[in-house]
Each structure stands twice: as structure tokens, then as C-alpha cells.
Amino acid sequence: MEGELHKEEVNRLRAETNGCARRLHFNNAGASLPPNVVVDTVVDYLREESLIGGYETETKYHDRINRVYEGIAQLINASHEEIALFENASAAWGTAFKGLGFEEGDEIITSEMEYVTNLIGLVDIQKVANLKIKVVANDNKGNFSVEELEKAITARTKLIAVTHVASSGGSVLPVEQIGEVAERQGILYLLDACQSVGQMPLDVKQIKCDMLSATGRKYLRAPRGTGFLYVRKSSLERLKPVLMDFVSAGNVSLTGYTLRPDARRFELYEKSRALTLGLGRAVEYALDIGIDRIWGRIKHLSQVLRYRLSGTPGIAVHDTGDRLSGIVTFSVEGIESSVIKTELEMRCINVSVGGAQATPIYMEKNGITAMVRASVHYYNTEGEIDLLCRELSAIIDQHGSR
């Protein structure tokens, strides 16, 4: 499939997603509606487990489970040996970060758009190891400054840890340029791709990251409880597994053990095989459509949404930066964002609220306590955007008349 997604194809994809017939879903940055085939994959596997046993079903589907690693590797242009599966992106990110073995005096560079869970990790390691955390602030247009990043680097800089697409604000960081700086300076590079995987093309060879964490439930349209970690083969020995079991290591005795030679050394054995297969099927579904085509439609729909929201009296769009994602953030004058979310939900329209805790550095800097987050996906339509804006105008009028 080449080129843009046409109306007939979008209609087919919507028909393959039961949730599209029930409500308008603009909370894809939280959790997308899964395709029916992904749901069926999970349910069918669980049903088979109930009939023949969990271990027996795993043995039967051994090859399909292994192909999940291959699919993810294809998605991000990696080797299947560089992929480890996790229950969520936070566990994947934390495993990579905590495995790095920081020393007193080390420095870590991040951005003002960093996600709250990652910031918790940064604060904790700063307390334990007396590290220095440097934040590269956005410029006055809302762009991450590669020039300021280079200025922040010293001989003690051990890690650059940034989030590709901000949870609030929707800006996209120049991850390839950051990777060039990290490689040139010989600095480890950890990328949180939680909001970008499945939304836009990801090529770890072009990004030049050492580690990348991602979730399944957002733009990949996989089940909740799925995620993965990429660790570049050449960086594997620079990370120590945080938790280990017999999947991580072999030749175990009271005198030692041998770590397995691939990224699965960071996994634990017990996880849902049904959800793993659901993740794999979601990856296949996205690859069949084409990530470039998905990204093209998401960019178009988000531009349409920003334009129409900006033309609606009483609404302020907060997205800044030259490169924006499918995450659109806004506020309504005189009405709490939580109220907007509740009233839209009563109209069968899903959005979310981005609170100050999600991206605390960015939100505090801009004096924002909360905003409405409407995140589009390729199965959304311009008609749905029109209806969202009409309902927002009705809510504004309704509150104005009280």
C-alpha cells in the first residue's frame, strides 16, 4: 500500500474496529481502540489456555510468540536479538535506566518535556548517587535546542534521556540530531518512544539511540499490559539486568551464572502470552497499513483539529514547536478541563486531561495546571472532528448561559 489513506480504506479500518461505531475516540495517546483482530487474538489464546493448559498452549504457540520479537524489530529497524518484552513502557525505561550503573559526579541531560515517571527515576538516582541533572529548555518557539544540548555536555555527561513525543503539548523532539550529538560525544542515549511508536516512523539506526522504551496500548493499538525495550547490541554489556530469573541467565550454580547473549536477559519469564500475541498482531496490523501512511494521516487530522479548535471562540490551543504530533492540547476559557472531559464523555466523545503532574517541568514553566488532550489516530475522521468542535461550542454556550 502506498500513498495516503483514502476514504474507502479508512471506512474498512473503522469497520474492523468495533469501538468506532460506539463513540468518538480522541484519547489515542492514552489507549487506542484495538482492531477486532487484536482482540480476537487475545481472547482466542486465553480460551485455548482454559481448554488445554497454560504451559501447553505456550508450547503450541512457541514460534508465533518468537515472531513477535521479529515484528517489533522490523517496526523499528532493529534485530530481534535487541528486543525485550515488558508489561509497560515504564518498566522497560526503568530497567534500562537503573541498569546503567551511575557513579558519583555523573551528569544526565534531559528535556523540559520529560514524562513524570522518568523524572521520578532521575530524582531518585540523583539522591542516591549525587548526580547532576541538566534540563535543556525549549526555545521561545517551543523547540528543543540541539545547540543548548551541546553546550550542556561536559566530560562527566553519561546519559542523554529524552522523550520523543511529549505527553502534554504534542511537540516532537529532533531525535536524530540528538543521536548524532550523543554518538559524536560517546554518550549513552535513552529514548522514551511511548507516544511515538505506532504513530510515526521509528528507525533506531537513524536515531542512533542505545536504548528505546515503548508501550503497546497507545498508537500501536495493542492491548494494555504490553511494551518493549530495545537495547543496541553494542551497548548490551553496559547495562546490568535489574531483576533476573532463568530466562535471563543459564548455567546457574552457587558459584555463578551466565547471562544470555541477547536483550531478553532483561526479561522475566512470567508474562501474559495472550497479550504478547496481541501485541504482535497489532504490530503486524500497523506494518500492513504502513507507518508512513499512518503518520501522514495523523499529521493531517491533527492539523485540521488544531485549525478548527483555534477558530472556536473561547478555546486556546497550547501546542508549540515547529514539529507537532497527533496530540492536540487546549483549554476552554472559564471551564475546568475536567468538566470538559466529563461533558464530552456524556456525549460519547473520549478525550483526556493532561494534568500538571504529567510533564511537570513544562507545565510549571508555562503556568498551566491542566489542559484537555485530544489525540487523533488514522481511524478518526474529519466528520468526527467537526462533531467534537460543535459539541465543544455547545458546552461553552451552555456554561455561558448559566
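I take helices here as DSSP runs of H or I, at least four residues long, numbered from the N terminus. With that in hand I opened the model, which is a predicted one.

**Entry 1, helix α4.** I looked up α4, which spans residues 62-76, and found Ile 65, Val 68, Tyr 69, Gly 71, Ile 72, Ala 73, Leu 75 and Ile 76 buried in it. The helix is followed by Asn 77, and I noted that the phi of Asn 77 is positive, near 60 degrees.

**Entry 2, the cores.** I then turned to the largest nonpolar core, which has 98 residues, with Ile 83, Tyr 189 and Phe 228 making the most contacts inside it. I listed the contacts of Ile 83, leaving out residues up to four places away in sequence, and they include Tyr 69, Ile 72, Ala 73 and Ile 76, as well as Phe 228, Arg 264 and Glu 267. Apart from this core I found another, of 24 residues, among them Phe 97, Ile 108, Leu 131 and Leu 236.

**Entry 3, the largest pocket.** I read a volume of about 370 Å³ for the largest pocket, and a lining of 26 residues, of which Tyr 115, Ser 167, Gln 195, Arg 217 and Lys 218 lie nearest its centre. The elements that give two or more residues to this lining are α5 (89-98), α6 (116-129) and β14 (352-355), and β14 provides the largest share, four residues. I sorted the lining of the largest pocket into nine nonpolar, 13 polar and four charged residues.

**Entry 4, the second largest pocket.** For this one I noted about 280 Å³ of space, and 14 lining residues, with Glu 58, Ile 65, Tyr 69, Arg 264 and Arg 273 closest to its centre. Two or more lining residues come from each of α4 and α10 (273-289), and α4 gives the largest share, four residues. The lining of the second largest pocket divides into five nonpolar, three polar and six charged residues.

**Entry 5, aromatic pairs.** I counted six aromatic pairs in the structure. The ring centres of Phe 97 and Phe 102 are 5.2 Å apart and their planes stand at 50 degrees, so I entered the pair as tilted; Phe 97 and Phe 102 are both buried. Phe 246 and Tyr 269 also form a tilted pair, because their planes are at 40 degrees, with centres 5.0 Å apart. This pair links distant parts of the chain, with Phe 246 in the loop between β8 (227-231) and β9 (249-253) and Tyr 269 in the loop between β10 (256-259) and α10, 23 residues apart. I recorded Phe 246 as exposed, because its relative accessibility is 59%, whereas Tyr 269 is buried at 18%. Tyr 55 joins Phe 246 and Tyr 269 in one aromatic cluster.

Methods. Residues are numbered from 1 along each chain as its sequence is written. This is a predicted model: local features need pLDDT of at least 70, side-chain atom pairs count only at pLDDT 80 or more; totals for chains, interfaces and linings use all residues. Side-chain values use heavy atoms; hydrogens and water are left out. Buried means under 20% relative accessible area, exposed over 50%, partly exposed in between (1.4 Å probe, protein chains only). A nonpolar core is a set of buried Ala, Val, Leu, Ile, Met, Phe, Trp, Tyr and Cys residues joined through side-chain atoms within 4.5 Å. Contact means heavy atoms within 4.5 Å. On a 1 Å grid over the protein atoms alone, a cavity is a set of points where a 1.4 Å probe fits but cannot get out, and a pocket is an open set with protein on both sides within 12 Å along at least five of seven lines; lining residues have an atom within 4 Å of a point. Grid points are joined across faces, edges and corners, and a volume is the space filled by probe spheres set on the points. Ala, Val, Leu, Ile, Met, Phe, Trp, Tyr, Cys and Pro count as nonpolar, Asp, Glu, Lys and Arg as charged, and the others, Gly among them, as polar. Rings of Phe, Tyr and Trp (its six-membered ring) pair if their centres lie within 6.5 Å; planes under 30 degrees apart count as stacked, over 60 as edge-to-face and the rest as tilted.
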